[in-house]
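User: I would like to go through the labels used for this model and see what each one rests on. Please set the value against the cut-off each time.

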Amino acid sequence: MSPSRPIFHRKALAEALVRDLAGESFADYSSGMFLAAPRRTGKSTFLENDLAPECEARGWLPVYVDLWENREVDPAELIAGAIGRALAEFDSAARKAAKKVGIEKINLLRTLSWDFSKPQLPPGTTLAKALDVLHQVSGQMIVLIVDEAQHALNSESGINTMFALKAARDHLNRGNRPDGLRLVFTGSSRDKLANLVLKSKQPFYGAHITPFPLLGRDFVEFVTGVWNTRLAATNQFSADDMDYAFGLVGRRPEMLNALLTEVSVGLGEASNLAELLRTGALNHQAGVWSDYESAYNDLSPLQQAVLEVMGERVMSKQPFTPFSEQTFIEVNRQLELAGAEANASTPNVQKALDVLREKELVWKASRGEYALEDSSMAEWLTRKEREKK
């Protein structure tokens, strides 16, 4: 938004979610809180700058880990590392003194041997045990916040970690200490998060997914104020024009910033933002739709057809079953509309999905479910279909 990047805080939302976690509302998040919203719409900023501080204000201990930040590292290691770092924060002056004289290992509450020279948990230590120790040494309820949690489904160890967190939740919330652990999971795709909750064999079966509220008019007015303080009084952005622009870029803050920067480097007066957008003088998708279009145009007709069927399923909130007869019918229909040969079959659709995964357009859970890598692409696919008609 500006060189100093002022942060827009969503305190009311953070307070509401914390009340939910505390059991002070009608919502039941005892199984875990699952929040879904498209990528780059402000989830991570909110989690770190609003939700975590609000948890701290309650006297809770938030532990945050982003599984998207380093996709080369197994999600199981990232989660264990975050818990390990939180444990390390509680080494007392005595422990620090021990380290200074060369003692690398100590016992936390005589239950966990901790090696300060390594960021990970000791070998053989379960997440339940580590979280139990963290709860005891901190004296606080732990709120484990796992951002882009669907990436845990990319590996068997990641799935096992989800089951381990469920076990830790059950262990820490039972008996006379019902407030030992709360779990918060976010994801850029409702379809991906659904793989954690919808089937009886999934770790958090029975939990429900809550749409994460997108940034609204109050954010738009905040951004308008930030930009206008740096512009001449005779050259000001309108909040209405800003809101229109924000909608065009999928309510993504970074994309809005790109638009406003484009205006500021000489394309026109701030007051002409809406006109510039409507006449196409600005790249009003700020790279979002154009990136989708470029990726789509690089695909074969069959790959495009499979992607289009996946997009239709997202918009209709229907599951994507890649090798069903109905999917083959829909893929063939798309191929015929494109003037290509209808050749959907299990081997061909599998090859198309493999290519789509390589191009990072499609995501696959380790147990076989498929989903769009970025659920917002479904909106672009739908818009493209309308334009064809």
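**Labels and the values behind them**

Analyst: Asp243 has a relative accessible area of 24%, so this residue counts as partly exposed. The model is a predicted one.

User: What makes Asp243 partly exposed rather than buried or exposed?

Analyst: Buried requires a value under 20% and exposed a value over 50%. Asp243 is at 24%, which puts this residue in between, hence partly exposed.

User: Why is the contact of Asp243 with Arg217 called a salt bridge?

Analyst: The rule asks for a side-chain nitrogen of Lys or Arg within 4 Å of a carboxyl oxygen of Asp or Glu. For Asp243 and Arg217 the N to O distance is 3.8 Å, so the pair qualifies. Asp243 belongs to helix H9 (residues 239–248) and Arg217 to helix H8 (residues 217–228), with their positions 26 residues apart in the count along the chain. Arg217, at 35%, is partly exposed.

User: How many salt bridges does the rule give?

Analyst: The count is 14 salt bridges.

User: What makes Asp298 exposed and Lys359 partly exposed?

Analyst: Asp298 has a relative accessible area of 54%, and because the cut-off for exposed is over 50%, Asp298 is exposed. Lys359 stands at 37%, between the two cut-offs, so Lys359 is partly exposed.

User: How do you know that Asp298 and Lys359 form a salt bridge?

Analyst: Their closest N and O atoms are 3.5 Å apart, and the limit is 4 Å, so the pair passes. This salt bridge links distant parts of the chain, 61 residues apart: Asp298 is in the loop between helix H12 (288–297) and helix H13 (301–315), and Lys359 is in the loop between helix H15 (346–358) and strand S8 (362–364).

User: Are Glu330 and Arg313 buried or exposed?

Analyst: Glu330 is at 13% and Arg313 at 8%. Buried means under 20%, so both residues are buried. Their side chains meet in a salt bridge, at 3.2 Å from N to O. Glu330 lies in helix H14 (residues 325–337) and Arg313 in helix H13, so the salt bridge ties together parts 17 residues apart in sequence.

User: Which residues are joined into one network by salt bridges that share partners?

Analyst: That network consists of Arg217, Glu221, Asp240, Asp243 and Arg251.

User: Why is helix H1 called oblique to helix H2?

Analyst: H1 (residues 11–21) and H2 (residues 43–57) pack at about 50°, with 9 Å between their axes. Roughly parallel needs an angle under 35 degrees, and roughly perpendicular starts at 65. An angle of about 50° fits neither, so H1 is oblique to H2. The crossing of H1 and H2 is right-handed.

User: Which residues meet where H1 and H2 pack?

Analyst: From H1 there are Lys11, Leu13, Ala14, Glu15, Leu17 and Val18, and from H2 Phe46, Asp50, Leu51, Glu54 and Cys55. In this contact seven residues are nonpolar, none is polar and four are charged.

User: How do you know that His151 is buried?

Analyst: The relative accessible area of His151 is 5%, and the cut-off is under 20%, so His151 is buried. His151 sits in the loop between strand S5 (142–147) and helix H6 (156–172). Leaving out residues up to four places away in sequence, His151 touches Leu67, Trp68, Arg71, Pro75 and Glu373.

Key
Residues are numbered from 1 along each chain as its sequence is written. This is a predicted model: local features need pLDDT of at least 70, side-chain atom pairs count only at pLDDT 80 or more; totals for chains, interfaces and linings use all residues. Side-chain values use heavy atoms; hydrogens and water are left out. Helices (H or I, at least four residues) and strands (E, at least two) are DSSP runs, numbered from the N terminus. Buried means under 20% relative accessible area, exposed over 50%, partly exposed in between (1.4 Å probe, protein chains only). Axes are lines fitted to C-alpha atoms, for helices over the stretch in contact, and angles run from 0 to 180 degrees between N-to-C directions. Angles under 35 degrees count as roughly parallel, over 145 as roughly antiparallel, 65 to 115 as roughly perpendicular and the rest as oblique. A crossing is left-handed if the near helix is turned anticlockwise from the far one by less than a right angle, and right-handed if clockwise. Contact means heavy atoms within 4.5 Å. Ala, Val, Leu, Ile, Met, Phe, Trp, Tyr, Cys and Pro count as nonpolar, Asp, Glu, Lys and Arg as charged, and the others, Gly among them, as polar.
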